[in-house]
Amino acid sequence: MIRMKIKNNIYTVLLAVGFTLMVCSCNDWLDVQPKSQVEDSELFTSQQGYKEALAGVYSSMVRDNTYAKNLTFGAIAVLGQEWTSFPTAAYEDIAKFDYTTTYSKSLIEGIWTTNYNSIVNVNNLLSHIDGSKKLFSGNNYSIIKGEALALRAFLHFDLLRCFGVSYTQSPSKPSIPYCTTMSYRVSPQLTVQQVAEKVIADLKDAADLLKDTDPIVTGQEITELEDNGYLKNRQVHLNYYAVRGLMARVYMWMENYGEAQKAAQEVISSDAFSWATVDKLSKGEDNSFATEQLFGLNDDLMSTISDYYFNPELSTSSFSIDQRTLLDYYDQETSDYRYLYLFQSGIGELADYRFSTKFTESSGDDSYYTKKLPMIRLSEMYLILAECQYRNGGDALATINELRTARNIVTPLNELPEDFYGLLVKEYRREFLGEGQLFFLYKRLNRPSILGTDADVIAQKAYTFPLPISETDASQREDNR
């Protein structure tokens, strides 16, 4: 699978993209037909242009460098020791937390430049939208601006999780720039705390814009006759509840457990999302837990991901887990729906390995369940809520058991173990396998070790990527590790 790769530092990205917005075709996703390289003078003179610009940002996130591989099942999952077998040529250095080799540097720079390129495009949209209010019908101004602000926060936060030390370690440590304007000037490097506060500020503004306008909140039924159905399928947009879910994730990072609990509880109490059912799972119709996704990216190449990276007949390009390790992941609970329905056995010499089917296309014909790459899910809200309850002396046991029951673990926990955070790590590992959340949990908790490796990850500064050399050379950045 070949996808566009962009390799520039922030400064040169701004120079290259300052007057041009790169967008890709995703008609099935946002019900628009974006162009490529549309001049600002044309793009931002109509409501349709803004829709195309926003669609272009979402499309730019579906890249191997980031959410279509390395920030989900690729580099970040390898760092979390999720797989027992993976493409060694590309990932053996990363697996050892060696960030100095050519392969590692390339992976790290790819994450940096791809996300910042998307941020440039978000800022381009935001720099025009307030002067164009008259162009919009209905609530589209508030919704498009709200989504754009949320996207800027989402992209920066994942860069912070990669290139900033954990909040627990040092909120005052220099980390990354937070870019909010279209400018040729190099953006200043901010501390971990400053970036996190800017993320929250953008998310608060996004929530204010979306709370009374987003159909997922108001219950407004959207038909194809209304604005060509633009506001349908809110789960593949950063909708209001996805914003609140992301706020819960960020507040956990900032150790603000009270606000994290409020945000997670609001999402759960909304009843806007439901647990995946055994009927859909057993038939292979809902491999990505579509009903549970607060936010997912639409990826037209999902089947290519599955065929190439999770092929039970290939070893050199595939990611997999040996059967014994997989059983350990699920604590021998073979009734667990995730164990039963989200893996297939290898073929021939690979018979002892299990390959995830999370990225396999739905076997059904309902488009709702297809091409959804999970970014934020309902189960994370339960785990955030449980952790907050535990920290505050509440009933975390009932919350944990509700998730376990939804996954068909027939024996509930009678009590929480003494090492609650060890339990939390195991729950994240089996729940978010290949989704890019486990390594960041280890980092947030500042755990001295990662299951599956004897490395002292704190001593090796393994939780924080070094800034790309191109960025430090161009901008004279301070040490971020």
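1. Helix H19 in this predicted model is largely enclosed by the rest of the structure, because ten of its twelve residues are buried. The helix covers residues 420-431 and reaches 16 Å from its first C-alpha to its last, close to the 16 Å expected at 1.5 Å a residue. The buried set includes nonpolar residues such as Phe420, Leu423, Leu424 and Val425, but also Glu427, Arg429, Arg430 and Glu431. The charged members of that list are worth a look when protonation states are assigned to the buried residues of H19. The buried residues of H19 pack against strand S9 and five helices: H15 (323-329), H16 (337-341), H17 (378-391), H18 (396-406) and H20 (438-445).

2. Strand S9, one of the packing partners of H19, spans residues 372-377 and is mostly covered, with six of its six residues buried. Its pairing with strand S5 (residues 293-298) is antiparallel and runs over five bridges. Within this pair, leucine 297 stands opposite leucine 373, and phenylalanine 295 has isoleucine 376 as its bridge partner. S5 is likewise largely enclosed by the rest of the structure, since six of its six residues are buried.

3. A separate open sheet has three strands in the order S6-S8-S7, with antiparallel pairing. Strands S6 (321-322) and S7 (343-345) are the edges, each pairing on one side only. S7 pairs with strand S8 (residues 353-356) over three bridges. Phenylalanine 343 has serine 356 of S8 as its bridge partner.

4. Which residues touch the most other members of the largest nonpolar core? They are Trp83, Leu125 and Phe163, in a core of 146 residues. Helix H8 gives the most to this core, with 15 residues. In soluble globular proteins, nonpolar side chains tend to be buried together. Tryptophan 83 has contacts with residues far along the sequence, among them Phe310, Phe319, Ile321, Tyr329 and Leu433. Its contact list also includes Ser356, the residue that is the bridge partner of phenylalanine 343.

5. Helix H8 (residues 140-163) has 24 residues and an end-to-end C-alpha distance of 34 Å, close to the 34 Å expected at 1.5 Å a residue. It is largely enclosed by the rest of the structure, because 24 of its 24 residues are buried.

6. Cysteine 162 is buried, with a relative accessible area of 2%. Why does cysteine 162 have no bond to the closest cysteine sulfur? That sulfur, in cysteine 179, is 16 Å away, which is too far for a bond. The cut-off for a disulfide is 2.5 Å between sulfur atoms, and by this rule the count comes to zero disulfides. Cysteine 388 is buried as well, at a relative accessible area of 0%.

7. Valine 192 lies in helix H9 (residues 192-210) and counts as buried at 0% relative accessibility. Its C-alpha is separated by 9.3 Å from that of phenylalanine 163, although the two are 29 residues apart along the chain. Among the residues that valine 192 touches are Leu160, Gly164, Val165, Tyr167, Pro171 and Trp253.

8. Two residues other than glycine have positive phi. Asparagine 233 has phi near 55° and is found in the loop between helix H10 (215-218) and helix H11 (240-253). Its relative accessible area is 42%, so asparagine 233 is partly exposed. Glutamate 255 has phi of about 65° and is found in the loop between H11 and helix H12 (257-270). At 35% relative accessibility, glutamate 255 also counts as partly exposed.

9. On confidence, the mean pLDDT of the protein chain is 91, and 91% of its residues reach 70 or more. Over residues 1-38 the pLDDT is below 50, yet this stretch has 106 contacts in the model beyond near neighbours in sequence. Where pLDDT is low, the predicted coordinates should not be read in detail.

Note on methods: Residues numbered from 1 in each chain as written. Predicted model: local features only at pLDDT ≥ 70, side-chain atom pairs only at ≥ 80, totals over all residues. Heavy atoms only, no water. Buried < 20%, exposed > 50% of the residue type's maximum accessible area, 1.4 Å probe, protein only. Pairing = 2+ DSSP bridges. Helix = DSSP H or I, 4+ residues; strand = E, 2+ residues; numbered from the N terminus. Expected span 1.5 Å × (residues − 1). Core = buried A, V, L, I, M, F, W, Y, C linked by side-chain atoms within 4.5 Å. Contact = heavy atoms within 4.5 Å. pLDDT = per-residue confidence, 0-100. Lists of a residue's contacts leave out its neighbours within four places in sequence.
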